[in-house]
Structures are given as structure tokens and as C-alpha cells.
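Work through the exercises below with the model open. Try each task before reading its solution.

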Amino acid sequence: MLSNEKQTVDVGGGLAELEQDFNANAQDGETGQADLETTALCFEENLELSSELNLEPNSELSFEERLKHLSSSAKRNPLHREINYKTLKFCAERRILPEVEDFIAGCPEFKKASQSPYFLLLFLLKGGGIDTFELDEAGAVIEPAQKEGLTEDEIDDLIAQFAYQTNEVGLAFVEQMNPKNRLLEMLDIEPAYYETYTEVLEFLTEKRSMAEIDTLLRGREALMANRKPDDRPIQPSVFVDKLEKAGGIFWESGWIITPEGRELLATLEKSK
Amino acid sequence: MQKLTMTRRSFVKAATVAGAAAALSTKVAGSLVETDQAWALENTDELKMYVSTCHGCIQACPCRVYVRNNTVVKLEGHPLAPTSQGSLCLKGLNQLHTMYSPRRVLYPLKRSGERGAENAKWERISWDEAIELAATKIAEAIEQYGTYSFFASVGGGGAYSFMQAMTIPMAFGSPTVFEPGCAQCYLPRFSIADYMYHGADQSIADCAVLESFKGLAPLEVARGATQDTKVMVLWGAQPSVSQTAQSGRGMAELRALGCKTVVVDPNMSPDAVKATVWLRVRPATDGALILAWHRYIFENKLYDADFVKTWTNLPFVVDPDTHLPLYATEVFPEYRQIAPDNTPAYVCYDNKSKSLKPFEYMAKDVDPEIFWKGEVKVGGKAKTCCTAGQIYKDTAEPWTLEKAEEVCWVPKDIIEKGIKIYAEAEVAGIANGVPSDMQQIASQVPLGLMSLDMIMGYVNKPGATLTQNSPAPKERPVATFNGFGGMFGSIFGIGYRVGETEAQNKARIDAMPPGMFPGGKGTLYVMNQLLIDRLGMKNHKGLYQWCHSHIPSVLEAIKTGVPYKPRVWYDMSGNKLAVLGNAGSWYDAFDEVDFCICQYPMITSFQIEVADLIFPLGEWLEATGASGFGQLNYPFPSPGVVHIGETVSNSVPPQKVVNAASKILNDYLAGGNEIVLGAVGATKGAGPADPSQPSRGGAEEKQTSNNATVYHGSKADQFEMVFPFGLGVMGGEQEDSVIQQKHAEKYGAPDYDTFMGDVPKYMEPFGASYGLDASGNFTGEPNPNFGYRDPKEYWIYDQHLGMADDGLPAGFGTESRKCEVYCTLLVKMAANGHPYCYPRTQEAVDVSIGQEVKDQNPDYDYVGTYSPICQHIEPIESPIEGQIGYDPEYPLVITSGRVYYFHHGTMRHSAFARELYPAPDVRMCQKTADAYGLKHMDWVDVTSRRGTITGRVYIHNGMAEGVLWMERFWNPECFDSSQKKITGGWRESNINVITKNSAPYNEVFGSYTNRGFAVNIKKGVRPEGVWVEPKEFTPFLPSQPNQYVDGIGSALDMEQTPQVAFSDWDPNAVPGGGM
């Protein structure tokens, strides 16, 4: 196994330096994050919601434990992993339900999803990464005091809409899942395949089929190198899997690079 | 009118009688009849009776099924069954609880929430939607990642779909399939027998050992069958528990007839209790004990010298460099053998001339010495060589009775007594159970136990274990490899035909249709490449035998994505979390599975935790042909007698899914797209998308019933793809009506309705008219529709002595044509994969193979290859201080096995069975319990390096000090809707949470360690959610509504589910009982 040291030689600089460059690029682009204000549900409401959703109140958990819980929940199904990340990122600003559902349905990854947008949202809620709000006709958050003395029907009449906003735990998850971090981590872990990864990213600046990627890579000596004594040579699909999992590429009738993948390529180009 | 008596209490009583009595005494049918008659006689005119074979375990006890108002109301053993003779055990009787369990899945279900038991919500969907969803998910993955993204699994108990699971990945061009059994259950014993003499193995449970159970039934005795088994060794086998009504009953009958038994088992099983002598071996030290048996037999010349010299390869002189027997021409270059080239001559030391001689098959001019060591010139180089017999003797030499006592914890006089009973018998046989398959010594133990029967000459003789129910071959026997005993010989890769020459094998390949692939033969080349690419095959080539992957390697590939990522999973039976070693490591991998399709009759931990889609399967009583292999020479039928919900037979969903996915993929190809077939790379479509279209031209095609092709048209530089690949899904049909029609025809009926309408004519072995004459003799003639085989045609011996068409005794299907006690095939296999995937030469196993054995034993000689003979390997988690792997934190050793009540992972949802056995016992002796402050029935935490589980202390002094025994378990009550906290029920008491699925593995088969590993214990508490009180199991009674109503939602029409009013606390009648 090659060391990180080998990797830094390959890319012509240290990883930390690379990351700084990447962050600099990111701030200019889509991956920058807004300064967010979050409003948590009061504990009683949280309990009520927990009851409806079979949620465990997590107020007694530490931040790290809540993040771990969310991470576990949001990564439970690979087909939903990127959607969950994107939804939490999208809901960094408060969004009403139709907006969120439309957003989820519009994600290219949603074509492969095995659940409806609402269910996916519900499980982010259950995972503790997002908060929900009841809004009145004017779009204002309904405070508990407004419900005092009202009948159930009157409360129903009061609620015109639901809104969702990623909370601090969800935002931490978004940061954790930021493709820039995942891509850099991947390159860090597997420096031996650095050139192959970047070549595939470059190749996927145009939409390609898996067959085209396979044709590009099959027969390469890199694939023949046994990683462990009992391993077979690796299949070209390994690079697709890893790059997809790192948020560098996605499928939309073909494999294509993500904006974050492009930024990484640009960063790497600069660092040469 | 009399009330029915099939109450909870009478069930328990009847079941206990059937189970325990069948195991421990004889002639129990009377007890059953007495109970059953109470209601059956009174209601006969209202009942329909069918004949079937039970599928409560992997044996098949013939039985009668009574149906009223389209509901099965009663099961009983069939009185003409030749071994079970009317018995049916707990597992069989409990099939009613399985059939009508609230845990049944009766409709296709799609998960409607996120994965995890705590989130479980299901939506009922139509079959068309379900098939389309599965097909779409598979096709999407194949389009986007290539064919290696699909994988399948099977095993775990119930609804077996072995053939479908093995073939469905190939239909999609993927090599990945696994089964928790396989390398951990039966593959090693089955394969080693195939390698050593191409004959039946020593497994009772898997119905390989049949000879011992002939001539037990009076009916068969009257027809000429004799009982010849006078001595039997049960090595790690407990038929009284695992196969109670069939071979458990058979063993009881054998003992009653005076058969002596030697039982080798760490656990005091009922068979051990009744044994003539019981060797209570320390778990996982069987190799040492077997070598001690060899040493004693060699030293005291108890072996059959004539058989060993004539019919084994022990007199062959072995090259110490290659570990292979020397061919005569290697030592005598000018020598020209007389026997055909397919029967090579070797080298022996001739006692007559006191010199090395060529050793021809059936040579009369030499007297081969079995034990010899001396100098041999090979290719001009002098080497010190030994005969294979000498090698075995040297390996066994350290294993005196005293040494065996020290290592195996069996007193030397007990060992000696056992050996003498076995070796001094005129004929005997060893039945080898599953424990060694679940240990690192998975190949070493069957090598040793087969060897014992062979050196004793207990082969193809009346009363021996190693017998075949087939006529003597008329040609030189050959063994075809790849797949189940060669079943897939030239389909899924080409197996070398052992017993033919290289030239003959080459000619066979050359005669195949001309493919245009580099170095190979079109599709067959690709099939071979698929097998070679299969995960874990480089080091564990024995897995080729059953077309299965190495499970830990699959797990690693799912987790890491390397060397390719299996991502869409089609599981075909059981609770994987209950039966896979180190279950937690699998749970952690679920996050990397894109989509999980399950088919099973039940909701288990596995389905509730991870399934995204479930196809409902029929239970045995619904599925025609589910268990249609009968008992001995009686091929009893297995009709589906009732049907509930929308369940189907196990072959239906995979056939439909493959067809639907193939259409999507072929359309994709037809659109000019390419798909990556992992074995070769990008492939274009071969022609019309509609697989029903005729030949696509090009190379020769062979159409199958599924319209798949064996040989696809191909160009010189481009493999052309069409789905399904190869032969498609093999086994079964895609419509139950076709399965039923074929089953009816098998028994001579024109159609299924006619078959079901005339039970005596089609289902009874002796038709309607049979009985006893005035003298008490059986009267009746075999039913011509039934397929009964006369004892004289079924029990056949001395096949190897029959003359073949080359003028020589037929011999055995090995290279030497003899019993290869020194298993040369393993040495060749380790070097290049022989005999699998011919003509491809595969990589040798890694040089590290066997190194850990060498670390223990400096004299060990098989590093970088597979040992051809039995060896002792101290378990890597040894309880012996000073041994490699000893850890004082884990000072105890634990092993496991079955209990009467359950088979594999089945039936933990059965209320009555759980009443009898609510939680797994942790058996230990009083001294062990005292050392840890434990009392009988205390809850106890058992901790290994992998985790902690909780069981209940069961103290009995049959256990050795420091040894624990526990049955695997899971707790379906943990996800009952009544629970405050829902869990998957697999972490609480499941021994597979603490088993070891990491290296070292068995070298040949990659088996991991489910038994014989180190643990610690301490007093525990009852796990939250686990039920133990009888009343707690009420939700599991068939009278309860399906608890998934809430989860499934209103779409599920529960009115279609029979509400079987099984009697409970207030004894009521069996439904429809005419009270």
C-alpha cells in the first residue's frame, strides 16, 4: 500500500494545500453556504411529532451522538444518500413542503430512489437533521401560544402550510458530506489510483456510458495489481462506484461529472 | 360429537412423544396413532387426505395431510415410510404453525419507509408491480455499473431455492452468489468424497448415508431387504435431534437391532446417551482424534491390507517436491503401461522383488508395500520419497492415545474402546456431521474420516456407509467437475473430466462449437472467466464445486467496493442475520446495498431490517414439489394441497424477474447501447430484444425452455450479449400450474386435478389395497404409478468390481481409478485450479496458505498448497494456555448444534415450539457454572471478540469443564407490534453475533468458524423484548391477525387470510372440526 507521502508527490503539493485551493474555488461557486438561522421546535412539539413519527426524543443526546444518528439514518440506503445530502443542503433555507418535494423529485438521483419524496423527507426529520414548522396563511411560524384555547379543528384551520429547515446537526452532516471533502478523502486514501480517478473525472466532463468507461480502463495495468493476496484484479466499475460515492459523478442517462467534481479538476489543474 | 383433541396440550404431548421417543426408543407409531385416532376416525368422512413429504428439515418424512374446508387441520407420519415408519417430529407437526403463522407474507410487499426494523412499514403491491420493480432495479444497476453489480443468496432454512439462486446471477452475467451453509454446511464433506472416490459422502442429514437405514421396516424386510449395519460411528452427528423422525428414528431402530454405535461429540446428544461408547471430544480438535485412530489402526494392523493395496493409492510413491504420486514413466522413462491411458501406472515398492516397480492398475505381478521410505531417482535426481501410506503414518505418529487424551480431552481407554468397536467389526461405517464444516478443519476432517472407512475397506459393502445406490458402471468411471457434482459441467465453465486423459479432455473441448474468444470457446470462455472472477476463488478453489462465492470475500466487496461491488441483492430464503457468521458485520454492510429483493414465506429479522421488496412464497403445504425426493426407495410425492394469499412456488419469482429484466436490458442493447459484462468488458446486443425470436445466427445455438441460449453468436473481436445469459434461471418453472402438471405426470396422472382426486392411485406406494394377512405378513403390490424401487434394484454393492468395457474392474472415478486416500486432486487444485474451469490454468493459491499451520507445527509440509490428508490444527481462538491465539479474557470454548424444535433459522415464530424452548440454552457443567456464580436457568451473557449475546444457563454434567454449547437463535417477538422498543430480534440471543467470519479459513473451501471459538461468560439479565412465558407467545398463534396489518396498511385484504382458530389456552377445536 502506498503512503500519503507518495500521493503528495503525485499531485505536486500537500493535501492541506490542495484543500485550501479547493475551498477557495468552492466559495466562488455553488458549494458556498449561506449564513443560516435555525429555529428549533419547542420540546413539547417535538414530543408530539415524535409520537406521530415514532421518533425518539433526542434532546438528551450530545451533538456528536445526534450527528452520528443522522449520519447512520441518512446513509442507510445508497440510492437515497445523495438525495438526503442535497435535501439537507437545500433546506439550509426554510422551505415549504411542495418546494422540498419538487426539489427531491428533481434530483437526478431520485429516478433510482425506492421511496417517495415525502417519505425521504420524513426520514430526514426522523433522523434529526431537519426541523419542521407549522405556518399560517401569511407564512409565519405558528407559535405554541397561538394554539392555546383552540379546538383541534381550529388548530387545523390555523395551519396553512408546513415548512422545513435543516438544523445544526443537519448542517454539520451537510458539511461532512460535502463532495469536496469526500473526494479529497478518497484521493487521500487511495493515492495509487489518483491518476485513474482524475482521468475518469476528465473523461466524464462529457456524458458517458458505463461501457465507454470500461473500454477506457479495461486492461490497464493498474487494474491488474492485486490489492491483497486473495483479491482478483479490480473491475473498472470500482472507479465509477467510488467517484459516485464521493459525489464526483452522477448518473443521468449516462455518467457525468458533478459541479464539485469539476471544481476538483480545476483545482488539481491549478496545482500542477 | 366428540371434541377434537388437537389442543395446545395434546400437541405438545404428541410432539414430545414423536420427537423424543423416535430418537430414543422404537416402534413409536402406536403412540402417534393413538392420539390421532381420537379425532380422525370420527371425522374421516369430512376430511380430504393427501400424501406428501414433510419439509420441516432437509430430510423428507412421508406423511399424510388432512384438509377440511381448504384448511390443513392435521399432519401425521405415513405408516409405509421405510425409515420414519409413521413418525413425524416436532418440526413436522409444527408445520401447521408455519403455514398459518401471523408472520406469513401473503402478498408482494414493498417497503414504504426507510430500512430498519424500527422503521418497518410495508405497502402491498400487485405481482406485476413487484416483478417490474425488481426487474427495473436489477436492470438499472447492470446498465450503470455492469453485470457484476447483481448478486444472489440462499440458505438459512425453509423455501429452499438452491438451483435458482446459483443460476440467477449467471443469467445476468454475474458470478456472485452465496449461501451461509455451503462451505459451512456439507460442501466440504460432499466435495471431499467426490475428490477421493467420486461416491456418496458420509452425511446422514443430507441423505447420503442410506445403507444404514435399509431393512428396518417390516414391509421392506418382507420384500427382501436386510439390515446389515452392525457398527456405526456418529462423528459430530446427532440424527435424533436434527432429523428426528427419519434418521433419528432409524438410529433408534438400529440400536434396538443390536447395532453398536460410537458417538464423537462435545455435546451429550440423545445419540451420545445411547451410544455404546461416547467420545466427548474438545470442540475443533477432531483432526487430532482422527489421526490417533489412524495411528492405532496402522500400529495394530487393523486395516484391510488387501483393500488398501488394491483399491487405495496409499502404496503410491510420492514426489516430495510436488506432493503428487510419481507416474511410472517419471521413474522408469522407458516403461509403457498396458492399461488404457486413462488409467495411469504409478510407482510402488514391491515386496516381492524388494525394489521400486511400476504399479499398474490391477497389477498382479507386484506386492505393493503400503509403508515405505527410500531414495528414488526422478529425472536423474535422487530424492527421498515416501509412499502415501508412509506419509499418513508419519503424520499420525505423534498422536498416541495419550497425546490424543491430552489434546482432545477424551480418556485414552475410551478412545481405544471406540476404535476397537469400529475397526474390529466385520463392516462398519462413519457418519460425519456438520461441525467440522463450521471450522477451519473443514477439509481435514472429511479427509480423515473418509480415509478411515477406506483403509478399513468399508466401501461398497452391505452395512457400510460408503455405498452407492446405482448399478456398476459399464465404462471406466469418470467425474465431471464444475457445479453440483458436475451438474453444470459444461454449462457454467468447463470441468475437467477426471478419469479421461488430457487428450480426451482436449478433444471434448475442441468438439464444442467454435467460439471466437481469445484463448477459449465463446460463451464457455466467458463462463469460465465468470467463475474465476468469483470472489474468494483464488485461495478457496473448492468453492467451484457448488458455484458459490466465498462469503467473507463477498462481504468485503460489498463494504469496500473492491474488486467489484455487488449492489443489488436477491435473497431466496431464510433469516440471513440468524445464520451468517458474525451477523453484525453483515448488518453494517447493508448501507452499501442499493436494493434488496427477498422471497420467503415469512418476515424474519433479515426481511424486516433490509428487504426493500418481498415476494411471498408458498410454504411446503402450498408448494408442489417442495420436498419431492421421498425416503430411500420410496419416491413419495409432495403436492401443494392448499393455497393462501398470493403465494407462489420458489421458482416462479426468479423466472419472472429474469424475463422482465432481460426484456429491459435487451431493449437497452437493441437501442445501440452497450452493457459491461464483467468477464469481458463492453458488449453489444446480439440481436432482437425479444428472446422468443429464433436463432440470431452465428455460432451454434441451443435453445432452452427459457429461450436462453448456450452459445451466442459472436464475432472475432466482440462478444455479443443477450439476456438471460447462459441457460437463464435453472430449476422449476415460472407458473405453478406447470409445476403441478409436471408433478402429476411424474406419478402417472394426466393432470393435477386427477392426481389430487385419486390419492390411492397416484400417491400411495402400494395403492389402495394393502394390509396384513392372517399371519401378520404385509400384503400388497407396488403401485406402478408411484415409482417404488424394489430392494434388489436399489441396494447394490461392489460396483467397483464390476467389469468395464476395457476389460478391467470398473474401479472409482478418480485419476488412479482407486480410492485416493491421499487426495491428489487437492494438491493439483491448489496449484492451478484443476479440475475446474478447464482448459484455463488458474493462479496458484497464495503462498501464505497453510502458513498458520506451519507456525503451530514445524513439521507441517503443505504451505502454499492444500493438505491431501487429515491434519490437526489447534483452533485460532484456543482455550489452551500457551497456544497461539489464547487470550485469558476468553478462557472458555463454545460450540453449537441443533435442538429438536427448530431447523436452521426456521420456526422461532411457532408459539408451541417456543413454549417448549423459549430461549436458547447455554449448556455447561456444574463446575463451569460454579466458577462463574451461575445457577440453572440464570440468564447469562456470552461474549466473544465479536460481541455479546444472552441465553439461559442449562446445567448438565454431560458437558466438559470449560466447554459451552448453545443453539443458534433469533427472536421474532422483538419486532412484534406490541413491543415498546422494536428491534430486528437478531442481536439478543443469536450465537451468530459472536461467531467468527474472519481468517484463518479452511484452505480448500474458505469455511469460517461458527464452532469451537473462545468466549467468556457472566451473569446477565433477560434481554428486553424477549418472551419466555407461554402466554407471551399468543401473538404468534395462527388465530391471531397478521401483525403486519398495521404496517401494510388498509391495502392488505386480510379477509383472504384464513383465521385459523387454533386452540389456545381454552382448548377449542381444530378449525372445521365439526364440533
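**Exercise 1.** What percentage of the 272 residues in chain A do buried residues make up?

*Solution.* Start with the ground rules. This is a predicted model, in which local features need pLDDT of at least 70, side-chain atom pairs count only at pLDDT 80 or more, and totals for chains, interfaces and linings use all residues. Residues are numbered from 1 along each chain as its sequence is written, while chains are lettered from A and ligands numbered from 1 in the order in which they are written.

Next, apply the cut-off. A residue is buried if 20 or more other C-beta atoms lie within 10 Å of its own, exposed if 12 or fewer, and partly exposed in between, with C-beta atoms placed from the backbone. The result for chain A is 36%.

**Exercise 2.** Find the domains of chain A and describe where they touch.

*Solution.* Take the bounds from an automatic or database domain assignment. Domain 1 of chain A covers 4–30 + 178–271, and domain 2 covers 43–177. Now list contacts (C-beta atoms, placed from the backbone, within 7 Å). Seven residues of domain 1 of chain A meet seven residues of domain 2 of chain A. On the domain 1 side, H11 and strand E4 (249–251) of chain A each give two or more residues. Helices (H or I, at least four residues) and strands (E, at least two) are DSSP runs, numbered from the N terminus.

**Exercise 3.** Which residues of helix H12 (residues 194–203) of chain A are buried, and why do they line one face?

*Solution.* Pick out the buried residues: Tyr197(A), Val200(A) and Leu201(A). Look down the axis of H12(A): the buried residues fall within an arc of 100 degrees (taken from the directions from the helix axis to the C-beta atoms), so they line one face of the helix. Then find their partners. They pack against several elements of chain A, including helix H13 (210–217) and helix H16 (259–271).

**Exercise 4.** Place strand E19 (residues 568–571) of chain B among its partners.

*Solution.* Sort the side chains. Val568(B) and Tyr570(B) point one way, Trp569(B) and Asp571(B) the other, and all are buried. Then check pairing (at least two DSSP bridges between two strands). Strand E6 (residues 150–153) of chain B runs parallel to E19(B), joined by four bridges. Strand E20 (residues 595–600) of chain B also pairs with E19(B) in the parallel sense, over four bridges. Finally, locate Val568(B). It stands opposite Phe150(B) of E6(B) and opposite Phe595(B) in E20(B).

Technical notes:
Two residues are in contact if their C-beta atoms, placed from the backbone, lie within 7 Å.
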